[in-house]
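Work through the exercises below with the sequence and the structure in view. Try each task before reading its solution.

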Amino acid sequence: MSRQSPETVSRTGRVVAWVPEIVLLAFTTAAGLWGRGRWLDPIGDAGIWWSYIYRLSHGERLYRDVFIQFGPLSPYLLAWGARIFGASATYLLVACWIGAIVAALLLLRLARRFLTTFERLALVGLVVAVSLFAPGPGRLVLPYAPAGVHALAFSLGALLLLDLRRPDLQWKAWVSGALAGLAFSSKQEIGVAAIAALGASLLAFSRPAWTWFARCLAGFLIVAGCGAAFVFWSAPIASLRASHLWPLELRPPPRWDNLYRLVAGVTAVDWRSQLFRSLGILLFYLCLLALLGVLGARDWRRRAWVPPVVLLLLLFAGGMGSWLNEWFHPMQLSMTVAFAVAALALFLANEEDRIPLVAIGIFAGLVAMRTAFSTLTGSHYSGIGHFATSLTWVLFLFLFAPRLMPGRGKAGDWTRKAAALIVFTISWYGAIVSIQSLAPPSRVSFETERGRIWVVPRVRRVFDGIRRTAKSGEKVWVLPETNAVDALFELENVSPYEWHVPGWVGEENERQLVALLERNPPDVVVVFDRSFPEFRAGPFGSGYDLVLAAWIERNYFVVDSSPGGKVFRRLGTTTIPAS
């Protein structure tokens with residue numbers, strides 16, 4: 001019988017170690033080719049970012065000409081690419097897709113230190129199902145904010161360099177901090193989460209660790225400081241405040257409170273009891289999983305089987321039987337589980353892995369705070385909020401839960417294997433089902449100068465009206481959201497606001513905007529018919545933006561009307577430009 005050489009075995013092992021990354025690339029590429037871009041709907045945040053890219057690539061300046069609440073790095077990075085490749089539909093799809101896949105690859109690389117190849121394959125299915133291909137505007141491959149995806153990628157790169165085993169490699173500390181600074185310059189709160197997670201190095205309570213973090217913090221401050229200097233150079237303070245740029249504006253407009261409560265999952269009257277029930281059901285499943293490991297290992301030690309049995313009895317004594325008839329919402333526990341990973345790592349992880357695991361738990365928990373107790377998987381922030389918690393979920397289920405019940409040993413190993421098999425099956429079922437989100441059946445195609453997009457029929461009717469009544473190069477004003485109208489029809493957007501949604505443009509800002517429009521009036525005004533239940537508001541001009549609506553009524557007349565919205569032209573215009 002022939003034997004493989006050590007070199008062949010080593011080479012095979014290296015290939016096997018990359019199997020999860022290869023599967024991720026193959027699966028997502030096949031899904032993307034099948035979807036053929038049918039997830040590109042410019043209505044809402046995707047269209048706003050498309051407009052940012054288009055306007056910056058045509059020479060406008062962020063914060064002065066275009067208001068945005070995020071850092072400058074991502075908009076200018078995407079605009080730079082648009083100058084090379086054009087601000088087309090294909091460019092937007094590919095740029096967003098690459099950012100999401102790179103972030104997912106970095107997540108898998110971060111997990112390699114702690115998980116087996118099979119366990120990381122389970123992670124692939126989970127991150128695809130709940131983040132990359134999450135339903136609706138939550139999907140990471142076309143996120144509500146590409147800046148969030150870039151910030152996640154920079155942050156994961158920073159966490160990959162968190163290695164106190166070699167404190168002599170000083171460059172890692174500087175680069176790690178610089179990457180966190182780049183994350184901050186993309187999306188501020190994710191950058192803060194990254195540097196806070198890197199601060200876990202201080203828990204080593206050693207002089208080399210403190211020195212490492214000092215260099216890391218210096219790298220962060222240098223890069224973040226350069227970004228801040230660029231921001232203040234770009235526009236006056238008044239424009240930065242009108243942009244709602246954090247931290248100059250520490251909190252969003254009060255009218256947005258209901259939106260953030262909705263995203264966080266705390267609007268329902270019984271959200272606390274629902275959270276408690278979800279936690280109880282999770283404990284119930286963990287007990288069953290531990291007993292399954294005990295049976296598989298045939299480990300009859302009381303230390304192995306008594307704790308899960310006692311906990312099961314306590315759960316049923318507390319009314320667990322009635323809870324099992326309700327739907328289990330594991331996503332509601334994502335933030336809690338992430339912070340639990342950070343806490344458990346302090347006591348259960350070996351010394352070499354303790355600090356990195358604490359950092360991962362802190363980072364995932366802080367990023368998930370926006371969706372803290374939400375049961376939704378398709379809200380705008382879901383893809384970003386559930387991205388890093390995909391890793392903390394598998395770390396909790398594969399590393400820490402088996403060590404708690406039934407404990408270390410053969411039974412714990414069996415429990416870990418059973419957990420991996422169950423999560424693999426469920427997550428990959430979810431991943432396969434999630435492909436459908438790439439081709440929503442309610443969308444119809446619409447050909448534009450920038451390529452094909454997919455919208456609901458009522459919006460397509462509005463776009464048809466724009467095509468008939470406006471010509472390339474004209475000035476346009478789009479309300480209440482831009483929806484990429486300027487980019488799609490090669491028009492010049494005259495408003496610095498991409499959003500005119502409830503609470504975002506204050507009454508004083510409305511007057512200032514009207515004065516700006518008087519000096520530079522648009523040729524065409526487009527008003528989409530959209531209500532905002534998240535703000536408890538109706539369509540444009542109903543309880544908000546009253547000054548803007550009155551100005552349009554005085555100066556413009558309707559040239560096209562449909563259930564999806566209206567197109568206006570300036571009074572005194574006697575002809576409609578030919579298509």
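**Exercise 1. A serine in a helix**

Task: Find the helix that holds Ser155, then decide whether Ser155 is buried or exposed.

Solution. Start with the place in the chain: Ser155 belongs to helix H7, which covers residues 146-160. The model is a predicted one. Next, take the relative accessible area, which is 0% for Ser155. The cut-off for buried is under 20%, so Ser155 is buried. Finally, look for contacts beyond the neighbours within four places in sequence: Ser155 is in contact with Ala183, Ile190, Ala194 and Phe363.

**Exercise 2. Two tryptophans**

Task: Place Trp34 and Trp39 in the secondary structure, and classify each by its accessibility.

Solution. Step one is location. Trp34 lies in helix H2, residues 19-35. Trp39 lies in the loop between H2 and helix H3 (45-57).

Step two is accessibility. Trp34 has a relative accessibility of 44%. Partly exposed covers the range between under 20% and over 50%, so Trp34 counts as partly exposed. For Trp39 the relative accessible area is 5%, so Trp39 is buried.

Step three is contacts, leaving aside residues up to four places away in sequence. Trp34 is in contact with Ile435, Gln436 and Ala439. Trp39 touches several residues, among them Leu93, Trp97, Arg139, Ser437 and Pro440.

Step four sets sequence against space. Trp34 and Gln436 are 402 residues apart along the chain, and their C-alpha atoms are separated by 9.7 Å. Trp39 and Phe232 are 193 residues apart along the chain, with 36 Å between their C-alpha atoms.

**Exercise 3. A phenylalanine in a helix**

Task: Describe the surroundings of Phe213 and give its distance from Gly385.

Solution. Phe213 is part of helix H10, residues 207-234. With a relative accessible area of 13%, Phe213 falls under the 20% cut-off, so Phe213 is buried. Outside its neighbours within four places in sequence, Phe213 is in contact with Ile195, Leu198, Gly199, Ser201 and Leu202. Gly385 is 172 residues from Phe213 in sequence, and the C-alpha to C-alpha distance is 26 Å.

**Exercise 4. A hairpin**

Task: How do strands S1 and S2 run, and how many bridges join them?

Solution. First mark the strands: S1 covers residues 444-448 and S2 covers residues 451-455. S1 and S2 run antiparallel and are joined by five bridges. One position to check is Glu447, which stands opposite Arg452 in S2. Two residues lie between the strands, and S1 and S2 form a hairpin.

**Exercise 5. A sheet of five strands**

Task: In which order do the five strands of the open sheet lie, and which strands are at the edges?

Solution. Begin with the general rule: strands of a sheet pair through backbone hydrogen bonds, in either a parallel or an antiparallel sense.

The order in this open sheet is S4-S3-S5-S7-S6, and the pairing is mixed. The edge strands are S4 (492-493) and S6, each of which pairs on one side only.

Now go through several of the pairs.

- S3 (residues 475-479) and S4 pair in the parallel sense over two bridges; Val476 has Asn493 in S4 as its bridge partner.
- S5 (residues 524-528) and S7 (residues 565-570) run antiparallel, with five bridges; Val524 stands opposite Arg569 in S7.
- S6 (residues 556-562) and S7 run antiparallel, with six bridges; Phe557 stands opposite Arg569 in S7.

To finish, look at the connection between S6 and S7: these strands form a hairpin with two residues between them.

**Exercise 6. The whole chain**

Task: How many helices and strands does the chain have, and how does its radius of gyration fit the globule rule?

Solution. The chain has 24 helices and seven strands. Its radius of gyration is 26 Å, close to the 25 Å that the globule rule gives for 579 residues, so the chain is as compact as a globular protein of that length. The C-alpha trace spans about 90 × 55 × 55 Å along its principal axes.

Next, consider burial and contacts. Of the 579 residues, 55% count as buried. Among contacts between residues at least 6 apart in sequence, 73% join residues at least 24 apart.

Last come surface and charge. The accessible surface is about 24900 Å², and 64% of this belongs to carbon and sulfur atoms. The chain has 55 positive and 38 negative charges, whose mean positions are 8 Å apart.

Technical notes:
Residues are numbered from 1 along each chain as its sequence is written. This is a predicted model: local features need pLDDT of at least 70, side-chain atom pairs count only at pLDDT 80 or more; totals for chains, interfaces and linings use all residues. Side-chain values use heavy atoms; hydrogens and water are left out. Two strands pair if DSSP finds at least two bridges between them. Helices (H or I, at least four residues) and strands (E, at least two) are DSSP runs, numbered from the N terminus. Buried means under 20% relative accessible area, exposed over 50%, partly exposed in between (1.4 Å probe, protein chains only). Contact means heavy atoms within 4.5 Å. The radius of gyration is taken over C-alpha atoms; the globule rule is 2.2 Å times the number of residues to the power 0.38. Accessible areas come from the Shrake-Rupley method with a 1.4 Å probe; for residues, only the protein chains shown count as cover. Lys and Arg count as positive and Asp and Glu as negative; His and the chain ends are not counted. The place of a charge is taken as NZ of Lys, CZ of Arg, CG of Asp or CD of Glu.
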